[in-house]
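Biologist: I should like to go through this model step by step. Please set each value against the rule behind it.

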Amino acid sequence: MSRIDRLRRLLGGLAYGGDYNPEQWPEEVHAEDVKLMREAEVNLVSLGIFSWAAVQPEPGRFEFAWLDRIMDMLADGGVRACLATMTASPPPWLSALHPEVLPERADGTRLWPGARQHYCPSSPVYREHAARLVRAVAGRYGGHPALALWHVGNEFGCHVRACYCDVSAEAFRRWLRDRYGDVGTLNDAWSTAFWSQRYASFEEVLPPRTAPTFPNPAQQVDFARFGSEEILACYLAEKAILDEVTPEVPATTNFVPLARTLDLFAWAPHLDVVSYDSYPDPHDPLAAPRAAMSYDVMRSLRGGQPFLLMEQAPGAVNWRARNAPKPRGVMRLWSWQAVAHGADAVMFFQWRQSRGGAEKYHSAMVPHGGAATRGFQEVRALGRELADRPGLAGARAPRADVAIVLDWQSWWGLEQEARPNADLRLDELLFSHYLPLYQDNVACDVVRPGDDLSGYRLVVVPNLYMVGGHDAANLERYVEGGGTLLMSFFSGIADPCDRVHLGGYPAPFRRMLGLRVEEFWPPARDAGVALSAEPGEVWPEGLAGHGSLWAEEIVPEGAATVASFAEGELAGLPAVTRHAFGRGAAWYLGTLPDPGTMRKLLRHVGREAGVRPVLPGLPDGVQARARRSADGTLWYVLLNHSAEEADVALPEPMRDDLTGADPLDRLRLAPRGVALLRPAG
Ligand code: GLA
């Protein structure tokens, strides 16, 4: 039996629970914890994430008795543990004995103990102490009946994205030696002929520390690669011990809300299951589509395998400037949204709201006010609802019609200073392309540019700045073979060493796009550029929209103009083009169209490519996603994100599993309402 099958069997359905920090509470509270967990149908808790100081109060002394009691108590109560390796926050004695484990910023500032994650990922001293701890924990609890899953570290790279200390510098040099072999190759890759940066030996190379002006961009991209791999090495060192001691127990680590720090495609093969921490902002009107996009990334990292929503807030967080609670029903709605996108777990930070410490104003499943609060009532109701639907666990999303391309390496290249526009943010650009698909209920997978694209009807490529020959050829082949592709500006500009592809921008895609770009004309901050098009096939009513962030001079070489810039230096020149190429078509955006224009455009391109929504004709604000169980049952989760009741017409009679009502071909969904539908036939 695979590790994941074992986990699924142990849990018997979707996982439900949260971070459990019993060391913050006296023993009498623990008994109430288990009682309330049972009431809320909690079946999994993330235990011991910040327990290093509690289990190893001194270098040579482990203190496991308290944790033995907790593990036994959980086992007796039928609650499983996602037990942490406890390495996320070293105890004060470690940095007191070995100050060199503390990380340094680019400007040389040392990050002191007193919060968490205060370790240099390259520190051999940190790694050695972490390994000793992991071995002790795994040895102690590897055979414990409560143990279901290992939780390695916590949110790797969350606070310390990179360390610039001397130890890290040495590790970076080793990494560069491995990558380039000799210093001449490094000089070439980093274009060090520029600004007299030529290195005579690897010994002279440093991390991109704070410098008088822009540090070398290729060095920055390599440092980001190194950083992602170095933090991965910390994870892998712990994972190797767990694999050795408990070969049958799966391991995971929780990824932070979508961020550029770690190349998650490179990490994902090393996890048995992907875990994700999701914190949409209740004040943000676009919170639901943003969360949807990040769930699609998480589900896609391991080829559609269900992921675990390891953390979300039951109500408010405490780390934004204004921390809004989730209005009534929103916690349930957003939890079901994660399930709709492929989550096999609905977990929270945290079980019981802390009394002291930096997170005491962060909501929890059991709030300061206890079990009588609205918060706990909603937690309990959702727990029961999920526990009654074990068949959803393991169900996979059917393959989407659309793939959206995300490449972390290119992200590192794109978001630097000294660019035509230094305000480009890949996550925002990705979202601008994702939103219109979401609004039209089109399901979407997330892929790398080099992945197999053959089954997709449409591939969307937002701003793929840095690209290598293999990946570029893969995208071109996809279109040539009959695919439809939509690419946005500033794609295919640089190679993986951030050197411009010569031969006219964007050299690797010119043939496919049927154009060349002569010059970049980003508008002023907060200014836009008007777009226009005559009524026609793409814009039946004509187009009077606008673009922002970017404009450029496009010279068509076979591509047809679909919309033009309507003002300024580029007036009358193409802004959006389409090129019939091979058996397919390549669309190109030379600006970021406003959301309405983007939606019309993607709708048209999608129709041309034969893209279908998950369910047709849903009212605005109602989202649908599908999952198919191993037994073939197709489930549709319907989510009403609007504040109005929605009247939904279904394409065939379906039964709502949540109400148990007779099969219907029409459905009224309450504001923030959820339905779990199965075709009746
Ligand atoms: C992260 C961490 C948790 C907690 C929450 C609060 O996700 O993993 O330990 O700090 O944030 O939102």
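Biologist: What makes the pair formed by the side chain of Glu359 and an oxygen atom of the ligand a polar contact?

Modeller: The model is predicted. In it, an N or O atom in the side chain of Glu359 is 2.4 Å from an oxygen atom of the ligand. A polar contact requires N or O atoms within 3.5 Å, so this pair qualifies. Glu311 has a side-chain N or O atom 2.3 Å from a ligand oxygen, and for Arg116 a polar side-chain atom lies 2.9 Å from one.

Biologist: How much of the ligand does the protein bury?

Modeller: The ligand taken alone exposes 310 Å², and the protein buries 97% of that. The ligand sits in the largest pocket.

Biologist: Which residues are around the ligand, and how many of the shell are charged?

Modeller: Among them are Phe50, Asn154, Asp277, Tyr279, Trp319 and His362. By class, the shell has 5 charged, 4 nonpolar and 3 polar residues. Asp counts as charged and Phe as nonpolar, so Asp277 belongs to the charged class and Phe50 to the nonpolar one.

Biologist: Why is the aromatic pair of Phe156 and Trp267 called tilted?

Modeller: The structure holds 32 aromatic pairs. In the pair of Phe156 and Trp267, the centres are 5.7 Å apart and the planes make an angle of 50°. Pairing requires centres within 6.5 Å, and 50° is neither under 30 degrees nor over 60, so the pair counts as tilted.

Biologist: What does this pair tie together?

Modeller: Phe156 lies in the loop between strand 4 and helix 7, and Trp267 in helix 10, so the pair ties together parts that are 111 residues apart in sequence.

Key:
Residues are numbered from 1 along each chain as its sequence is written. This is a predicted model: local features need pLDDT of at least 70, side-chain atom pairs count only at pLDDT 80 or more; totals for chains, interfaces and linings use all residues. Side-chain values use heavy atoms; hydrogens and water are left out. A residue is near a molecule or strand if one of its heavy atoms lies within 4 Å of it. A polar contact is a pair of N or O atoms within 3.5 Å; within protein, one must be able to donate a hydrogen and the other to accept it, and residues adjacent in sequence count only if both atoms are side-chain atoms. Accessible areas come from the Shrake-Rupley method with a 1.4 Å probe; for residues, only the protein chains shown count as cover. On a 1 Å grid over the protein atoms alone, a cavity is a set of points where a 1.4 Å probe fits but cannot get out, and a pocket is an open set with protein on both sides within 12 Å along at least five of seven lines; lining residues have an atom within 4 Å of a point. A molecule sits in a cavity or pocket if more than half of its atoms lie within 2 Å of its grid points. Rings of Phe, Tyr and Trp (its six-membered ring) pair if their centres lie within 6.5 Å; planes under 30 degrees apart count as stacked, over 60 as edge-to-face and the rest as tilted. Helices (H or I, at least four residues) and strands (E, at least two) are DSSP runs, numbered from the N terminus.
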